[in-house]
Amino acid sequence: MKRMANCKGAAIVLMLLLVFVTACSGGGQPSGEANKSGGQTADKGTTDGGTGTAEEDQPADPAGKYDPPIEITTVRIVNDTFKYAEGEDISNNVWTRTMEEKLGIKVKYDWVVSGDGPGGQGEQKMNVSIASGDLPEIVPVNARQLKQLVEADLLMDLTDIYEKYASPFLKEIMTQDGPNALASATFDGKLMAIPNTGSAMDGAPMVWIRSDWLQKLNLPEPKTMDDVLNIIEAFTTQDPDGNNKADTIGMSLNKDLYGGYATIDGFANSYHAYPRIWVKDGSGKLVYGSIQPEMKTVLAKLQEMYKKGQIDREFGVKDTGKAAEFAAAGKVGVHFGQMWNPLWPLVDNKKNDPNAEWQSYPLMSIDDQPARPQTSMAVGTYYAVLKDAKHPEALLKLINLFVETGWGETTTPENYAAHFTSDGIERFKYAPFQAWPARKNLDIHLHILEAEKSGDATKLNPEEQDNYKQIKDYLNGTGTELGWAYDRVFGTTGSFATINHYVNENLLYQNEFFGAPTQTAVEKDATLQKMELEVFTKIILGDPIDNFDKFVADWKKLGGDAITEEVNAWYAAR
């Protein structure tokens with residue numbers, strides 16, 4: 001899963017998550033044996049014109065070291081959260097030294113650019129490089145750029161390379177979140193890139209409720225969506241903070257509606273609506289969730305709640321950071337969010353009010369059908385290899401090294417700390433090629449439960465031990481608010497208990513479209529999403545609910561129908 005400095009905005013949310021999911025696990029990748037004759041090892045790469053097939057007489061070694069060392073070229077897109085230990089930089093750090101020591105691989109960066117957001121300087125620089133043809137051997141790209149390079153016939157087929165050089169552990173990681181990650185990098189049956197995997201389940205929405213307010217108002221825990229709505233009303237009207245002022249609201253929203261803290265997707269899922277993802281209709285075709293009739297019902301309910309003062313009157317001008325400040329100040333009791341919310345912003349509420357308590361609950365349905373939380377494939381970056389690369393297998397070896405160092409059987413706390421989080425520096429960011437286990441955080445929760453029941457924490461890996469210690473210290477009265485946050489995430493009744501329920505009951509509702517943006521989407525989607533946000537916001541604020549019907553018609557006319565046709569062509573081809 002792809003962590004917090006000043007608790008402002010989506011960028012900080014991402015940084016927060018990175019910090020917390022890489023707390024303290026370790027490992028070392030065996031370097032393999034060099035060729036006894038002193039020459040290069042068996043891993044010479046391809047010599048057959050770039051078909052992605054290693055020499056037949058050379059055994060593949062996923063951990064083999066090159067002797068003498070080789071050099072590969074790539075590029076890096078970084079951001080302002082990159083911090084370096086004294087004397088280190090992007091080209092000289094613990095990872096560059098380990099890559100050369102264990103694998104005999106030197107990485108040279110053709111360029112390094114700061115700005116990793118959508119449409120940022122990194123994406124722009126990569127677009128220029130693709131247009132000019134000035135590309136390194138290994139190219140980190142997004143889905144749209146990958147499609148461009150495949151269509152330009154510039155990339156090597158990695159199907160055989162992956163099969164031979166990906167370690168068993170890496171292959172397991174690549175499929176932990178299902179088959180879609182590898183499928184999204186596969187064109188005409190050929191694997192054309194290696195995805196940097198994340199965790200779709202970690203993004204599943206859930207409802208967070210101030211449980212101390214429940215107790216103060218003598219309200220039972222919710223069992224249905226109607227119960228949740230009644231709780232929101234009570235938190236608005238019954239003075240749950242006990243200050244004899246009408247200064248609390250039931251539910252938070254942020255002005256962008258999607259992304260960050262306090263969004264509408266979980267609320268919508270409770271009504272069987274799935275905004276901003278593609279779902280199957282009754283005929284088996286893919287349709288855009290935001291324009292389905294269920295979404296009109298959601299907006300009508302939110303409008304009703306807004307009129308009653310159950311939603312912040314100023315949500316339309318509050319970004320995710322400002323909405324979070326409202327929660328930290330103790331003025332709101334419910335939001336639809338994600339598993340990481342205790343780490344931000346709820347921990348700030350706990351710091352301001354030691355009596356504040358928050359509990360996560362699975363989404364509850366408005367009817368007798370189960371509510372299903374929506375998720376999307378968690379891949380943002382793909383690593384592609386140009387056809388003329390001399391050592392395509394080096395990419396797999398480097399990713400093998402990353403996952404083994406993080407979570408492999410050879411893990412040690414010291415090696416993990418040195419490569420991931422020592423001295424308060426997120427050193428894992430130095431590694432040029434990465435992949436993350438989708439089940440890592442859920443397994444932390446399950447393993448902590450086992451340790452709690454058995455009283456034996458010796459089987460926990462270093463990261464799990466660190467989380468377990470933080471929780472135990474807090475519960476024993478010697479910890480900090482951060483320990484409270486870890487308990488609310490990984491503890492017995494933490495947010496991963498909710499995610500475990502989703503997984504066990506097969507409730508996760510996945511976005512059916514995981515390909516590169518279609519041609520019309522590249523041209524029109526930004527405009528369509530802006531229109532969606534404006535119309536939805538105005539309806540919640542009081543515009544006629546029938547404006548939704550006009551929005552649907554406009555969306556279809558202004559490019560939506562063309563995108564739908566292209567998405568279904570992609571779906572049929574899969």
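**Note on the predicted model: two sheets, a helix pair and two loop residues**

1. D388 sits in the loop that runs between strand 14 and helix 14 (393–407), where helices (H or I, at least four residues) and strands (E, at least two) are DSSP runs numbered from the N terminus. D388 counts as exposed because its relative accessibility is 64%; the classes used here are buried for under 20% relative accessible area, exposed for over 50% and partly exposed in between, with a 1.4 Å probe and protein chains only. Its C-alpha atom is separated by 7.9 Å from that of M156, although the two residues are 232 residues apart along the chain.

2. On the basis of the values: this is a predicted model, in which local features need pLDDT of at least 70 and side-chain atom pairs count only at pLDDT 80 or more, while totals for chains, interfaces and linings use all residues. Residues are numbered from 1 along each chain as its sequence is written, and side-chain values use heavy atoms, with hydrogens and water left out.

3. The second loop residue is F82, which lies between strand 1 (70–78) and helix 2 (94–103). With a relative accessible area of 14%, F82 is buried. Leaving aside neighbours within four places in sequence, F82 is in contact (heavy atoms within 4.5 Å) with R76, I90 and K429. The C-alpha atoms of F82 and F428 are separated by 9.9 Å, and these residues are 346 residues apart along the chain.

4. An open sheet of three strands has the order 3-14-6 and antiparallel pairing, two strands being taken to pair if DSSP finds at least two bridges between them. Its edge strands are strand 3 (138–141) and strand 6 (194–197), each of which pairs on one side only. Neighbouring strands of this sheet are turned by 25 degrees against each other on average, direction ignored. Between strand 3 and strand 14 (residues 379–385) the antiparallel pairing extends over four bridges, and P140 stands opposite Y383 in strand 14. Helix 4 (residues 143–151) packs on the sheet, touching strand 3 and strand 14, and its direction makes about 135 degrees with that of strand 3; axes are lines fitted to C-alpha atoms, for helices over the stretch in contact, and angles run from 0 to 180 degrees between N-to-C directions.

5. The other open sheet has four strands in the order 8-11-7-12, with mixed pairing. Strand 8 (249–251) and strand 12 are the edge strands, and each pairs on one side only. From one strand to the next, the twist averages 20 degrees. Strand 7 pairs in the antiparallel sense with strand 11 (residues 332–337) over four bridges, and M206 stands opposite G337 in strand 11. Strand 7 also pairs with strand 12 in the antiparallel sense over four bridges; in strand 12, S360 is the bridge partner of W208 and Y361 is that of V207.

6. The burial of strand 7 deserves a separate remark. Five of its five residues are buried, and both faces are covered, with M206, W208 and R210 on one side and V207 and I209 on the other. In a regular strand the side chains alternate between the two faces of the sheet.

7. Strand 7 reappears in the surroundings of helix 19 (residues 495–504), in which S495, F496, T498, I499, N500 and Y502 are buried. What covers these buried residues includes strand 7 (206–210), strand 12 (358–361), helix 16 (440–454) and helix 18. Helix 19 is followed by N506, whose phi is positive, near 55 degrees.

8. Finally, the axes of helix 17 (residues 462–475) and helix 18 (residues 481–490) come within 8 Å and cross at roughly 115 degrees. That makes helix 17 roughly perpendicular to helix 18, since angles of 65 to 115 degrees count as roughly perpendicular, those under 35 as roughly parallel, those over 145 as roughly antiparallel and the rest as oblique. In this contact, N467, Q470, I471, Y474 and L475 of helix 17 meet L482, G483, W484, Y486, D487 and F490 of helix 18. The residues of the contact divide into seven nonpolar, three polar and one charged, where Ala, Val, Leu, Ile, Met, Phe, Trp, Tyr, Cys and Pro count as nonpolar, Asp, Glu, Lys and Arg as charged, and the others, Gly among them, as polar.
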